[in-house]
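User: Please take a close look at one strand in this model and walk me through what surrounds it. I am new to this structure, so keep the steps short.

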Amino acid sequence: MFNIFHKKRKIALVLGGGSARGTAHIGVLKVLEREKIPIDMIVGTSMGALIGAAYSTGLPIATMETKAYAFTANKLLDATIPMMGLLAGDKLENSIREMIDSKGFEDCRIPLVAVTTNIETGEEVIFQKGDLVKVIRASCSWPGIFNPVKIDGQLLVDGGIKHSVPTRIAQDLGADFILAVDVGFCVKRGRIRNIFQMILQSFQITGEELNRHQSINADFVIKVDLGDIDQASFERSREAVQKGSEATELLIGALKKEIGL
């Protein structure tokens, strides 16, 4: 990890949502770590919150890659009687616990901010303490797909439905320089055949528009072009990680110049 002391500016790394596309964040982090880019805070939503949690709690990049490559969408499938979601979300929670080795906010070497959405009020709810696994589960819980998560009396879902790239939250928390990673969305053209495709496509359309408006608030953006890798394509995580590294390699010189390294 980086020495975060004695710097002029508070640098926030903002990791956007993206589910399977969000594994590209691992490739970005690999290059940032190698180049010793200082990070004072990580603000993440959905998959960005999960990858940010793994990194901030000290999980080595190589271990993150190994775990990501072994993951499949089937590991999330625990169908339930659809009251608030098609999937119970317990398998999602188990996968999160496995990724971060059951660590908590108290283990974060870099301060972590995880973004969720209160589905009953429409307000963002951010966490810097609490049950990290539960918080990340809430941040990753697509409404309609996964059951929402109740924390402190609030019914919480995916942070990405309000902040797909949570740059404003980083600003509100005092960041002087915001480095945002935008893994984009994959809006597809074609027939919709089931409710999963319907909900997934809805997230793609909404997320693409949110990213366009929220990324511009950053001081520097690493935009990862992931082509036709969609939110459910976990079998292509190796490709996503590689594309994350490649996008960062192209911009690392300009980034170092921006932050004075």
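Analyst: Strand 9 covers residues 177-182, and 6 of its 6 residues are buried. This is a predicted model, so every value here is computed from predicted coordinates.

Start with the two faces of the strand. Phe177, Leu179 and Val181 point one way from strand 9. Ile178, Ala180 and Asp182 point the other way. Residues on both faces are buried, Asp182 included.

Now look at the partners. Strand 1, residues 11-15, runs parallel to strand 9, and 5 bridges join the two. Within this pairing, Leu15 stands opposite Val181. Strand 10, residues 220-223, also pairs with strand 9 in the parallel sense, over 4 bridges. There, Leu179 stands opposite Phe220.

Two residues from that first pairing lead to a helix. His25 is found in helix 1, residues 24-34. Leaving aside neighbours within four places in sequence, His25 is in contact with Leu15 and Val181, among others. The other contacts of His25 are Gly16, Gly48, Ile51 and Val183. Is His25 buried or exposed? His25 has a relative accessible area of 0%, so it counts as buried.

Gly48 and Ile51, both touched by His25, bring us to helix 2. All 10 of the 10 residues in helix 2 are buried. Among them are Met47, Gly48, Leu50, Ile51 and Tyr55. Look at both ends of this helix. Ser46 sits in the loop between strand 2 (41-45) and helix 2. Ser46 has a positive phi of about 55 degrees, although it is not a glycine. Most residues other than glycine have a negative phi. Ser46 is buried as well, with a relative accessible area of 4%. After helix 2 comes Gly58, and its phi is positive too, near 100 degrees.

Next, the nonpolar packing. The largest nonpolar core has 70 residues. Leu13, Met64, Ile100, Ile136 and Leu255 touch the most other members. Helix 2 gives the most to this core, with 7 residues. A second, separate core holds 13 residues, including Val113, Ala175, Ala180 and Ala218. Ala180 belongs to strand 9, where it is on the face shared with Ile178 and Asp182. In soluble globular proteins, nonpolar side chains tend to be buried together.

Take Met64 from the first core. Sequence neighbours within four places aside, Met64 is in contact with Ile26, Leu29, Ile51, Ala54, Tyr55, Leu59 and Met99. Ile51, Ala54 and Tyr55 are buried residues of helix 2. Ile51 is also a contact of His25.

Ile136, another residue named for that core, is one of the buried residues of helix 5. Helix 5 spans residues 132-139, and 7 of its 8 residues are buried, so the rest of the structure largely encloses this helix. Arg137 and Ser139 are among the buried ones.

There is open space to consider too. The largest pocket has a volume of about 870 Å³. Its lining has 41 residues, and Ser19, Leu76, Gln231, Ala232 and Phe234 lie nearest its centre. Helix 2 is one of the elements that each supply at least two residues of the lining. Helix 3 (61-69), helix 4 (90-99), strand 6 (144-146) and helix 7 (195-214) do so as well. By type, the lining divides into 24 nonpolar, 10 polar and 7 charged residues.

Last, compare strand 9 with another covered strand. In strand 8, residues 154-158, 4 of the 5 residues are buried, so this strand is largely enclosed by the rest of the structure. Strand 4, residues 112-118, pairs with strand 8 in the antiparallel sense over 3 bridges. Here Asn118 has Leu156 as its bridge partner. Thr117 lies in strand 4 and counts as buried at 3% relative accessibility. Its contacts beyond four places in sequence include Leu155, Leu156, Val157 and Asp158.

Strand 7, residues 149-151, also pairs with strand 8 in the antiparallel sense, again over 3 bridges. Lys150 stands opposite Leu155. These two strands form a hairpin with 2 residues between them. Asp152 is found in that loop. Its phi is near 50 degrees, a positive value in a residue other than glycine. Asp152 is exposed, with a relative accessible area of 69%. Ser46, by contrast, is buried.

How values were computed:
Residues are numbered from 1 along each chain as its sequence is written. This is a predicted model: local features need pLDDT of at least 70, side-chain atom pairs count only at pLDDT 80 or more; totals for chains, interfaces and linings use all residues. Side-chain values use heavy atoms; hydrogens and water are left out. Buried means under 20% relative accessible area, exposed over 50%, partly exposed in between (1.4 Å probe, protein chains only). Two strands pair if DSSP finds at least two bridges between them. On a 1 Å grid over the protein atoms alone, a cavity is a set of points where a 1.4 Å probe fits but cannot get out, and a pocket is an open set with protein on both sides within 12 Å along at least five of seven lines; lining residues have an atom within 4 Å of a point. Grid points are joined across faces, edges and corners, and a volume is the space filled by probe spheres set on the points. Ala, Val, Leu, Ile, Met, Phe, Trp, Tyr, Cys and Pro count as nonpolar, Asp, Glu, Lys and Arg as charged, and the others, Gly among them, as polar. A nonpolar core is a set of buried Ala, Val, Leu, Ile, Met, Phe, Trp, Tyr and Cys residues joined through side-chain atoms within 4.5 Å. Contact means heavy atoms within 4.5 Å.
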